[in-house]
Amino acid sequence: MANHRLRVDWPACQARGLCFELLPEAIELDDWGFPVITGEITPELAAAARAAVRGCPRMALRLLPA
Ligand code: SF4
């Protein structure tokens, strides 16, 4: 299975940080609480990444082919 990448819809994101809690392996938060994607989503992280996409209260995260 190939790697994927996460994309943030910045106008929709409200910096609530839930994605960081659900996927700390690939997301950090900047000083204002906005997510910083730290790398590609490997097959091992795919399930957690999908959970983060589903869990975003603003539907601001998308999982795309790398
Ligand atoms: S969970 Fe969604 S709204 Fe919250 S910081 Fe992450 S992308 Fe933004």
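Mentor: Before we begin, one criterion: two residues are in contact when their C-beta atoms, placed from the backbone, lie within 7 Å of each other. Please keep in mind throughout that this is a predicted model.

Trainee: With that criterion, which residues does C56 touch, not counting residues up to four places away in sequence?

Mentor: C56 touches L18, C19 and L61 under that condition. C56 is also among the residues that come nearest to the ligand, together with C13, R16, L18 and C19.

Trainee: How do the residues of the shell around the ligand divide into nonpolar, polar and charged?

Mentor: There are 13 residues around the ligand. The shell contains 9 nonpolar, 2 polar and 2 charged residues.

Trainee: I should like to place these residues in the fold. What pattern does the chain follow along the sequence?

Mentor: The secondary structure comprises 2 helices and 4 strands, in the order β-α-β-β-α-β. The radius of gyration is 11 Å, close to the 11 Å given by the globule rule for 66 residues, so the chain is as compact as a globular protein of that length. Along the principal axes, the C-alpha atoms fill a box of roughly 35 × 20 × 15 Å.

Trainee: Among contacts between residues at least 6 apart in sequence, what percentage join residues at least 24 apart?

Mentor: The proportion is 57%. G55 offers a pair of residues well separated in sequence: G55 and C19 are 36 residues apart along the chain, yet their C-alpha atoms are 7.2 Å apart in space. G55 belongs to helix α2 and, leaving aside neighbours within four places in sequence, is in contact with L18 and L22.

Trainee: Which residues make up the largest nonpolar core?

Mentor: As a general idea, nonpolar side chains in soluble globular proteins tend to be buried together. In this chain, the largest nonpolar core has 10 residues: L6, C19, L23, A26, I27, I41, A49, A52, C56 and L61. Buried residues make up 17% of the 66 residues.

Trainee: L45 is a leucine that your list omits. Is L45 buried or partly exposed?

Mentor: A residue counts as buried if 20 or more other C-beta atoms lie within 10 Å of its own. L45 has 18 such neighbours, and is therefore partly exposed. L45 sits in the loop between β3 (35-37) and α2 (46-55). Apart from neighbours within four places in sequence, L45 is in contact with E25 and A26; the C-alpha atoms of L45 and A26 are separated by 8.4 Å.

Trainee: Why is W10 classed as exposed?

Mentor: The class applies if 12 or fewer other C-beta atoms lie within 10 Å. W10 is exposed because it has 10. W10 lies in the loop between β1 (4-8) and α1 (18-22), and the C-alpha atoms of W10 and L61, 51 residues apart along the chain, are separated by 9.1 Å.

Trainee: Let me turn to the backbone. What is phi of A15, and what is phi of M59?

Mentor: In general, most residues other than glycine have a negative phi. Here, phi of A15 is near 55°, a positive value, and phi of M59 is near 50°, also positive.

Trainee: Where do A15 and M59 lie?

Mentor: A15 is found in the loop between β1 and α1, and M59 in the loop between α2 and β4 (61-65). With 13 C-beta neighbours inside 10 Å, A15 counts as partly exposed; M59 has 11 and so counts as exposed.

Key. Residues numbered from 1 in each chain as written. Predicted model: local features only at pLDDT ≥ 70, side-chain atom pairs only at ≥ 80, totals over all residues. Near = placed C-beta within 6 Å. Nonpolar A, V, L, I, M, F, W, Y, C, P; charged D, E, K, R; others polar. Core = buried A, V, L, I, M, F, W, Y, C linked by C-beta atoms within 7 Å. Rg over C-alpha atoms; globule rule 2.2 N^0.38 Å.
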